[in-house]
Amino acid sequence: MTIDEYVKKHIDEEPALLKQLKRDTHVKLLHPRMVSGHLQGRLLKMLVQMICPLNVLELGTYTGYSALCMAEGLEQAGAMIHTVEIDDEMGDFIRNYFEKSEYGDRIRLYIGDATEVIPSFDDAFFDLVFIDADKRRYWDYFESVLPKLRKGGFVIADNTLWSEKILEQPASNDWQTKGVLEFNEKLKDDDRVEKVILPIRDGLTLIRKK
Ligand SMILES: C[S@@+](CC[C@H](N)C(=O)[O-])C[C@H]1O[C@@H](n2cnc3c(N)ncnc32)[C@H](O)[C@@H]1O
């Protein structure tokens, strides 16, 4: 047994609907590895329970797995996940699962480019932002969501260890690795926030706005 298998055997089980969503993603879609999955999904739910947010923003819905996990963790009356997906062909797949879920009414889906949707929210509206969209634009996302985050609010950025590619010199045309490197380097020196990297799955950076 691997450590990964051991961990998954000793944490809360993955809900049946999410197992089905993951299988469906593997059968029907390209890049199924983008789904957060069992461990990260349970962690996202628990982080939401710890932060107790009223408004959460997710950049990069894909099939809705992480949005459903975060919605499961919402405890305040009227709390909402606002999730943005650029690929309009994903709309039907995502809505189908949100409708099947008992937590679907806590999620609002925006089909569009995150950089165009973010300015439509008021400043300090969000308590938590999950960044999981285009790696090349991570720093732009961060700069544009920071004013929308309340003081003391959190950002969680996914894939910040990027299959360990961040340890090597990226190829000149590897814009995704360059984007993650830029994000990690700029964040390290950013005094507006506190930050810690959790080396689970593909790396999750937890950031707190001072
Ligand atoms: C890694 S997947 C998200 C996985 C999902 N959060 C989960 O954990 O299950 C990244 C998604 O971001 C979307 N995306 C890329 N650029 C985007 C943008 N500028 N605005 C909104 N979504 C974007 C992609 O189409 C893709 O579906």
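This is a short talk on one structure, its ligand shell, two of its helices in contact, and a few single residues.

Okay, hi everyone. Before anything else, keep in mind that this is a predicted model.

Let's start at the ligand. Which residues come nearest to it? Out of 18 around the ligand, those are Ser36, Gly60, Tyr62, Ser66 and Ala114. If you want to find the shell by its elements, look at helix 4, residues 65-73, strand 2, residues 80-85, and helix 6, residues 114-117, since each of them supplies at least two shell residues. As for chemistry, the shell has nine nonpolar residues, four polar ones and five charged ones.

While we're at helix 6, have a look at Val117, which is found there. Is Val117 buried, exposed or partly exposed? Well, there are 19 other C-beta atoms within 10 Å, and a buried residue needs 20 or more, so Val117 comes out as partly exposed. Leaving out residues up to four places away in sequence, Val117 touches Val84, Tyr110 and Gly112. Val84 is 33 residues away along the chain, yet the C-alpha atoms of Val117 and Val84 are separated by 7.6 Å.

Next up, helix 5, residues 91-100. Four residues here are buried: Phe93, Ile94, Tyr97 and Phe98. They cover an arc of only 125° around the axis, so they sit on the same side of helix 5. If that spacing looks odd in the sequence, remember that an α-helix has 3.6 residues a turn, so residues three or four places apart point the same way. What do the buried residues of helix 5 pack against? That would be helix 2 (16-28), helix 4, strand 2 and strand 3 (107-111). Flip to the face turned away from the buried side, and you find Asp92, Glu99 and Lys100, which are exposed.

Now on to a pair of helices. Helix 7, residues 138-145, packs on helix 8, residues 175-188, with the axes 8 Å apart and an angle of about 45°. That angle makes helix 7 oblique to helix 8. From helix 7 we have Tyr138, Trp139 and Phe142, and they meet Gly179, Val180, Glu182, Phe183 and Lys186 of helix 8. Sorted by type, this contact has five nonpolar residues, one polar and two charged.

Last stop: Gly203, in the loop between strand 6 (193-198) and strand 7 (204-209). Gly203 has 19 C-beta neighbours inside 10 Å, so it counts as partly exposed. Apart from residues up to four places away in sequence, Gly203 touches Asn159, Thr160, Leu161, Trp162 and Ile197.

That's my tour, thanks!

Technical notes: Residues are numbered from 1 along each chain as its sequence is written. This is a predicted model: local features need pLDDT of at least 70, side-chain atom pairs count only at pLDDT 80 or more; totals for chains, interfaces and linings use all residues. A residue is near a molecule or strand if its C-beta atom, placed from the backbone, lies within 6 Å of it. Ala, Val, Leu, Ile, Met, Phe, Trp, Tyr, Cys and Pro count as nonpolar, Asp, Glu, Lys and Arg as charged, and the others, Gly among them, as polar. Axes are lines fitted to C-alpha atoms, for helices over the stretch in contact, and angles run from 0 to 180 degrees between N-to-C directions. Angles under 35 degrees count as roughly parallel, over 145 as roughly antiparallel, 65 to 115 as roughly perpendicular and the rest as oblique. Two residues are in contact if their C-beta atoms, placed from the backbone, lie within 7 Å. A residue is buried if 20 or more other C-beta atoms lie within 10 Å of its own, exposed if 12 or fewer, and partly exposed in between; C-beta atoms are placed from the backbone. The arc is that of the directions from the helix axis to the C-beta atoms.
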